[in-house]
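Let us learn to read a protein model one feature at a time. A learner asks, and a teacher replies.

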Amino acid sequence: MGSQQEHIVRSYDEELKRLQGEILRMGGLAEEQLEGAIRALWAGDSGLAEKVIASDERIDRLELEVSTDVMQLLALRQPMASDLRVVLASLRIAANIERIGDYAANIAKRSLALSPSRPREPISGLTEMAEYAANMLHNVLDAFLFRDTARAMMVRESDLELDRRYNGLFRELLTYAMEDPRSISSCAHFLFIAKNIERIGDHVTNIAENIWFQAEGHLPSEERSKGDTTSIPPAP
């Protein structure tokens, strides 16, 4: 009887580890998507942009696998307490990673719409902003892997800096467009790309909060600091 019980426990642990592995694979793909999208923007590489857009389907498939595994765990294992929090948070985290992949694909689509003569100056700021967001994503995935709530909260706080960079870039792009009307179309695309990056930071922050939820059983009580002072709506 003891041996059978050990087998059940071991099997359950393996299922939870599989769920974690699926989320980490999703996160790794999202990192690749974001890095590829910004490289495509910088180089004007339409082939790479198309590859990023096509690869978004892989993240979508993995999210479906996570959802299926969560439903099976809830139905067959009926997890309690901390295990239930892990399962529920995993579902939320997977949804946030899927949205990050969508925003990376949106950046790639915008880069395809830009003319070859697009102004180069704003791209440097976009690249720096995207690299900051990518670093946030990498750190939050490490926090998820090691269940490191302190690191997760550091990532959460770092979103304020990403918002600050977005605000600065927003003003810079508006000034650039006013000074050179020929750049208005390109600057409009740049503004939406910047907003996509800012939204990626928001989803990374959501992941950080769910890492906290896994450990503590509730979302952080302190309200998240927000530094976005613009009014441009999120890109679809």
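**Helices, core and odd angles**

A: Start with one pair of helices. H4 crosses H6 with a left-handed sense. Keep in mind that this is a predicted model.

Q: How do I describe two packed helices?

A: Two numbers do the job: the angle between the axes and the distance between the axes. For H4 and H6, the axes cross at roughly 15° and come within 10 Å.

Q: Are H4 and H6 roughly parallel or roughly antiparallel?

A: Angles under 35 degrees count as roughly parallel. H4 and H6 are therefore roughly parallel to each other.

Q: Which classes of residue make up the contact of H4 with H6?

A: That contact has 20 nonpolar, three polar and one charged residues.

Q: At what angle do H4 and H5 pack?

A: The angle is about 170°, and the axes of H4 and H5 lie 10 Å apart. An angle over 145 degrees counts as roughly antiparallel. So H4 and H5 are roughly antiparallel to each other. Their crossing is left-handed. The contact of H4 with H5 divides into 15 nonpolar, three polar and eight charged residues.

Q: How do H2 and H3 pack?

A: H2 covers residues 46-77, and H3 covers residues 81-113. Their axes are 9 Å apart, at an angle of about 165°. H2 and H3 are therefore roughly antiparallel. The crossing of H2 and H3 is left-handed. In their contact, 19 residues are nonpolar, five are polar and seven are charged.

Q: Now the core. Which residues touch the most other members of the largest nonpolar core?

A: Val140 and Ile197 do, in a core of 63 residues. Six helices each give two or more residues to this core: H1 (2-43), H2, H3, H4 (121-146), H5 (149-179) and H6 (184-216). The largest share comes from H4, with 13 residues.

Q: What does Val140 touch?

A: Leave out residues up to four places away in sequence. Val140 then touches Val155, Val204, Ile207, Ala208 and Ile211.

Q: How do I decide whether a residue such as Ser158 is buried or exposed?

A: Look at its relative accessible area. Under 20% means buried, and over 50% means exposed. Ser158 has 18% relative accessibility, so Ser158 counts as buried.

Q: Where is Ser158, and what does Ser158 touch?

A: Ser158 is in helix H5. Again setting aside residues up to four places away in sequence, Ser158 touches Tyr132 and Met136.

Q: What should I look for in backbone angles?

A: Look at phi, and check which residue has it. Ala81 has a positive phi of about 50°, although Ala81 is not a glycine.

Q: Where does Ala81 lie, and is Ala81 buried or exposed?

A: Ala81 lies in helix H3. Its relative accessibility is 54%, so Ala81 counts as exposed.

Q: What is the phi of Arg147?

A: Arg147 has a positive phi of about 50°, and Arg147 is not a glycine. This residue lies in the loop between H4 and H5. Arg147 is exposed, because its relative accessible area is 54%.

Q: What should I take away about reading such a model?

A: Read in steps. Take the angle and distance for each helix pair first: about 165° and 9 Å for H2 and H3, for example. Then turn to the core, where Val140 and Ile197 touch the most other members. Finish with single residues, such as buried Ser158 and exposed Arg147.

Definitions and conventions
Residues numbered from 1 in each chain as written. Predicted model: local features only at pLDDT ≥ 70, side-chain atom pairs only at ≥ 80, totals over all residues. Heavy atoms only, no water. Axes fitted to C-alpha atoms, helices over the stretch in contact; angles between N-to-C directions. Helix = DSSP H or I, 4+ residues; strand = E, 2+ residues; numbered from the N terminus. Parallel < 35°, antiparallel > 145°, perpendicular 65-115°, else oblique. Left-handed = near helix turned anticlockwise from the far one by under 90°. Nonpolar A, V, L, I, M, F, W, Y, C, P; charged D, E, K, R; others polar. Core = buried A, V, L, I, M, F, W, Y, C linked by side-chain atoms within 4.5 Å. Buried < 20%, exposed > 50% of the residue type's maximum accessible area, 1.4 Å probe, protein only. Contact = heavy atoms within 4.5 Å.
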